[in-house]
Amino acid sequence: QAKYQIEKQLNVVADTLAKPTFPLSDTVLEHTRGLSSAEFVLTRDDGQPVYASQAGKAFQQLLPDLDPIDADEAITLGTSSQIGDHRYYHAAIRIASKPGMNRRHVLHILYPEQSYTEALQQAVRPPLIVGAAALLLVVILGAVIASRVTHPLRNLGAQMNRIAEGDFRDVPLPRRDDEVKDLAESINAMVGMLG
């Protein structure tokens, strides 16, 4: 779900930036970076950088070769690439000519692997905490139920051994009205017949 949300956000941003009437500049890409956590680099189709978000400028010459997809294709987070000091999920989108630009361009979207990992951790942490708490509760309840059942059965077993050795005293009845009490009553009836 976290991966889907990130991809959906990047697709909306890419769709907006790829519109022919939407002007692009360093400022626009920097503001878009603030909204999406991704870095953006706009290059000409020959790879020459045109505009970039602030951090994108630092590695615009380091962009790995990537076949661009068409603007109407969905962006997916595939494998990440090392660019500069960090790893990024990289998508490249062909965009049509825009006002003031007489050729096709490629928009490179670089989503930090660290941001993706943090989003996954934030998505996974609450269910893990709830699951661990539920597991602990089940273990505690299981231990309580087991002790409430096994302790009286262990006592009955010891008393049956006493009866087998010839001590025909009645077995004390448990307070709870359950199967263990029924079993103790049956044992006492048997003791009455034997004694």
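Helix H4 (residues 113–164) is the main contributor to the nonpolar patch, giving 5 residues. Helices (H or I, at least four residues) and strands (E, at least two) are DSSP runs, numbered from the N terminus. The patch is made by Leu137, Leu141, Ile145, Val149, Leu153 and Leu183. Its area is about 520 Å². Patches are made of residues with over 30% relative accessible area and no salt bridge; like charges are joined within 9 Å, and nonpolar side chains (Val, Leu, Ile, Met, Phe, Trp, Tyr) within 5 Å. Accessible areas come from the Shrake-Rupley method with a 1.4 Å probe, and for residues only the protein chains shown count as cover.

The model is predicted: local features need pLDDT of at least 70, side-chain atom pairs count only at pLDDT 80 or more, and totals for chains, interfaces and linings use all residues. Residues are numbered from 1 along each chain as its sequence is written, and side-chain values use heavy atoms, with hydrogens and water left out.

Stay on helix H4. Leu137 of the patch sits in this helix. Val138 is in H4 too. Is Val138 buried or exposed? Val138 is exposed, at a relative accessible area of 55%. Here buried means under 20% relative accessible area, exposed means over 50%, and partly exposed lies in between (1.4 Å probe, protein chains only). The C-alpha atom of Val138 is 40 Å from that of Ser80, and 58 residues separate the two along the chain. Gln159 also belongs to H4. Gln159 counts as buried, because its relative accessibility is 16%. Leaving out residues up to four places away in sequence, Gln159 touches Val171 and Pro172. A contact means heavy atoms within 4.5 Å.

Now turn to Ser80 and the strands. Strand S4 (residues 80–83) and strand S5 (residues 86–95) run antiparallel, joined by 4 bridges. Two strands pair if DSSP finds at least two bridges between them. Ser81 has Tyr88 in S5 as its bridge partner. The hairpin of S4 and S5 has 2 residues between the strands. Gly84 in this hairpin takes a positive phi near 65°. In a regular strand the side chains alternate between the two faces of the sheet.

Next comes the interior. In soluble globular proteins, nonpolar side chains tend to be buried together. A nonpolar core is a set of buried Ala, Val, Leu, Ile, Met, Phe, Trp, Tyr and Cys residues joined through side-chain atoms within 4.5 Å. The largest such core has 21 residues. Phe40, Ile109 and Tyr111 have the most contacts inside it. At least two residues of this core come from each of helix H1 (2–18), strand S1 (39–44), S5 and strand S6 (105–112). H1 gives the most, with 6 residues. What does Tyr111 touch, not counting residues up to four places away in sequence? Its contacts are Ile6, Leu10, Ser36, Ser37, Ala38, Leu77, Arg87, Tyr88, Tyr89 and Tyr116. Tyr88, the bridge partner of Ser81, is thus among them. Apart from the largest core lies another, of 7 residues, including Leu156, Ile163, Val171 and Ile187.

Helix H1 also holds Gln5. Gln5 is partly exposed, since its relative accessible area is 38%. The C-alpha atoms of Gln5 and Ala119 are separated by 9.7 Å, although these residues are 114 apart along the chain.

Charged pairs come last. How many salt bridges does a search of the whole structure find? The search finds 6. A salt bridge is a side-chain nitrogen of Lys or Arg within 4 Å of a carboxyl oxygen of Asp or Glu. One of them joins Arg33 and Glu30, at 3.0 Å from N to O. These two are 3 residues apart in helix H2 (residues 26–36), so about one helical turn separates them. Arg33 is partly exposed at 27% relative accessible area, and Glu30 counts as partly exposed at 24%.

Another group forms a network of salt bridges, linking Arg162, Asp167 and Arg169. Arg162 and Asp167 meet at 3.4 Å, N to O. Asp167 and Arg169 meet at 2.6 Å, N to O. Their exposure can be followed along the network. Arg162 counts as buried at 17% relative accessibility. Asp167 is partly exposed, with a relative accessible area of 23%. Arg169 is exposed, at 52%.
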